[in-house]
Amino acid sequence: MFRGGLLRTGLVLVGLLAGSVSAEPPLRPNIVLILCDDLGFSDLGCYGGEICTPNLDRLAAEGMRFTQFYNCAVCSATRAALLTGLHPRHSALRKDMVSVAQLLHQAGYGTALVGKWGLAGTPLDRGFDAFYGITGGCCNYFNPAMRDPSFEGSGYRPFYDNRRRITEFADGFYTTDAFTERAVADIRRFVSGGKPFFEYVCYTAPHFPLHARAEDIARHKGQYRMGYYELRKRRHQRQVEMGLFERPCTLSPVDRSRGQWRHDWDIPRWEDVKNLARENRRMEVYAAMVECLDRGVGRILQTLEELGIADETLVMFLSDNGGCATDTESKVPTDPHNFELPGDINSYSSVGPGWGWAQNTPFRRYKVWTYEGGICTPMIARWPGVIRPGAITHEVGHVVDILPTGVELAGATYPKEVDGTPILPCEGTSLVSVLRGKKRDEHDALCWYVYGNRAVRRGQWKLVWGHTTARWELYDLHADRTELDDLSAQHPELVEELSAAWGAWAERTGVLSGSSDAVMRSKLD
């Protein structure tokens, strides 16, 4: 088994021979990056949730929680930005981009991706030594070889072991557990080979379809009878009690204005819900899926401890976007999948708009919106001896910061060109100083665009354009984190300045081109 100090000494000698080493050699920790799918801001116990997540809560207790960590509001865009350190260009990986896996691989790291890729090609084409999982979307948890229902296109979600297509799955298979076991095997293999490693674990949970084992669902029977409005109140109260926010924030009310597109749903009053048993069941299954995810994280942490490398490993956990309000049960009410009880292998249910909204407590909206509910999710980082246990940071971070963080830690170099192709300059900023408990220079501006929703944040100010209002709204996030007090009329000059910044970003990234929206729509899952 290798030890970090020994490895670092060898790398210093190599660097000296090459004439390119600095006085402060890079720390080169192992990096385990765990990305889950459609998890809301408040779902974990350490972010105010009632779901039992002891392993992630422990990760937070031994590490750092971010309260203002942003993604790109939708799956594929977030994954592209995380890998490349660039804001999404058509949610694609192009020749003028380089991935964090490529850079760490070149720096001597073993690299593997387990779970959901969600982009064109495969991870093996972008710097990963190994891949086990699906290339896109979310498959049946019990049998990934099953076709999607008709309202999802009746297609397959290809599942691979490296480049070998897997079409048969044994009885008892469940994707979350399978991904965990492969991640553990990868880590053991890397350690036995004496390499530092980058293990990217992309769980599909808790993305729909709602599938969980019966015994896991049973533990949540009756837990959600209070409904999603009351659930939000209770979660927010716990958030306040744990001091999660830098300043007090008001719990946002439901947004009643609706747009004319398929992922904007009405949230009924709890007393108007017609089938309470089925509505409760949806959230019961979701909670079971999150608990299983948490057990998987626990297995990974246990493996690091068994191998004696926990102190040499940075573990990061985050979600690709906010909780999802998609309502599969309203898409095609007569589809036979919708008559199965949520959780069963033959069902294809989602939590729907009420629970999806509640998962993002205390924020407005949900996935694909650029209010905080769509773009701000949990981020937890643990690195013993470096990150202060139990820390909460209010520093603003973004998924584009993951690549420069890995580059700094590994002592890698972000290239100007690869094989003669100029590479776009990295747009992220390393989080290493934040992990050490220090401040860093903020991004000049962070911008978003998804299906007509757009936003720009600079410092405390955030400008939001929702496709239902079709105008800019201005919020002071220091005083109004839940975006309730629109100040655009009081600060027209600031609206003009920030909208111009957004326009320049949109021009640079090409997000308003017709092909951009088309690609993003096709990759919504």
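Colleague: What makes strand S9 count as mostly covered?

Modeller: In this predicted model, 7 of the 7 residues of S9 are buried, and buried here means under 20% relative accessible area. Both faces of S9 are covered, with Thr313, Val315, Phe317 and Ser319 buried on one side and Leu314, Met316 and Leu318 buried on the other.

Colleague: How do you know that S9 pairs with strand S10?

Modeller: Two strands pair if there are at least two bridges between them, and 4 bridges join S9 (residues 313-319) to S10 (residues 379-382), so these two strands meet the condition. The two run antiparallel, and among the facing residues are leucine 318, which stands opposite methionine 379 in S10, and valine 315, which stands opposite arginine 382 in S10.

Colleague: Which strand is joined to S9 by 7 bridges, and in what direction does it run?

Modeller: That strand is S1, which runs parallel to S9, and with at least two bridges needed for a pair, the 7 bridges between S1 and S9 satisfy the cut-off. One of the partnerships sets cysteine 36 against serine 319 in S9.

Colleague: What makes the pairing of the whole sheet mixed, and which strands are its edges?

Modeller: Strands of a sheet pair through backbone hydrogen bonds, either parallel or antiparallel. The open sheet has 10 strands in the order S7-S6-S5-S4-S8-S1-S9-S10-S2-S11, with mixed pairing; S1 and S9 run parallel, whereas S9 and S10 run antiparallel. Strand S7 (164-165) and strand S11 (391-393) are called edge strands because each pairs on one side only.

Colleague: Which helices pack on the sheet?

Modeller: Helix H8 (residues 276-306) packs on the sheet by touching strand S1 (30-36), strand S8 (197-202), S9 and S10, and its direction makes about 170° with that of S9. Helix H12 (residues 402-410) also packs on the sheet, touching S1, S9 and S10, with a direction that makes about 165° with that of S1.

Colleague: Why is serine 488 called buried?

Modeller: The relative accessible area of serine 488 is 15%, and the cut-off for buried is under 20%, so serine 488 counts as buried. Serine 488 is found in the loop between strand S18 (472-476) and helix H14 (492-509), and, leaving aside its neighbours within four places in sequence, serine 488 is in contact with Arg471, Trp472, Glu473, Leu474 and Val495.

Colleague: What makes helix H3 mostly covered?

Modeller: For H3 (residues 75-84), 10 of its 10 residues are buried, including Cys75, Arg79 and Thr84. The helix is followed by glycine 85, whose phi is positive, near 70°.

Colleague: What lines the largest pocket, and which element gives the largest share?

Modeller: The largest pocket holds about 380 Å³ of space, and of the 15 residues that line it, the closest to its centre are Val273, Glu279, Arg282, Asp327 and Glu329. Helix H8 gives the largest share, 3 residues, and the lining divides into 5 nonpolar, 3 polar and 7 charged residues.

Colleague: How many cavities are there, and what is the volume of the largest cavity?

Modeller: A search of the whole structure finds 9 cavities of 30 Å³ or more, and the largest cavity, at about 130 Å³, meets that cut-off. Of the 14 residues that line the largest cavity, the closest to its centre are Phe245, Glu246, Arg247, Leu477 and Arg481, and the lining divides into 6 nonpolar, 4 polar and 4 charged residues.

Definitions and conventions: Residues numbered from 1 in each chain as written. Predicted model: local features only at pLDDT ≥ 70, side-chain atom pairs only at ≥ 80, totals over all residues. Heavy atoms only, no water. Contact = heavy atoms within 4.5 Å. Axes fitted to C-alpha atoms, helices over the stretch in contact; angles between N-to-C directions. 1 Å grid on protein atoms, 1.4 Å probe; cavity = no way out; pocket = protein on both sides within 12 Å on 5 of 7 lines; lining within 4 Å. Points joined across faces, edges and corners; volume = space filled by probe spheres on them. Nonpolar A, V, L, I, M, F, W, Y, C, P; charged D, E, K, R; others polar. Buried < 20%, exposed > 50% of the residue type's maximum accessible area, 1.4 Å probe, protein only.
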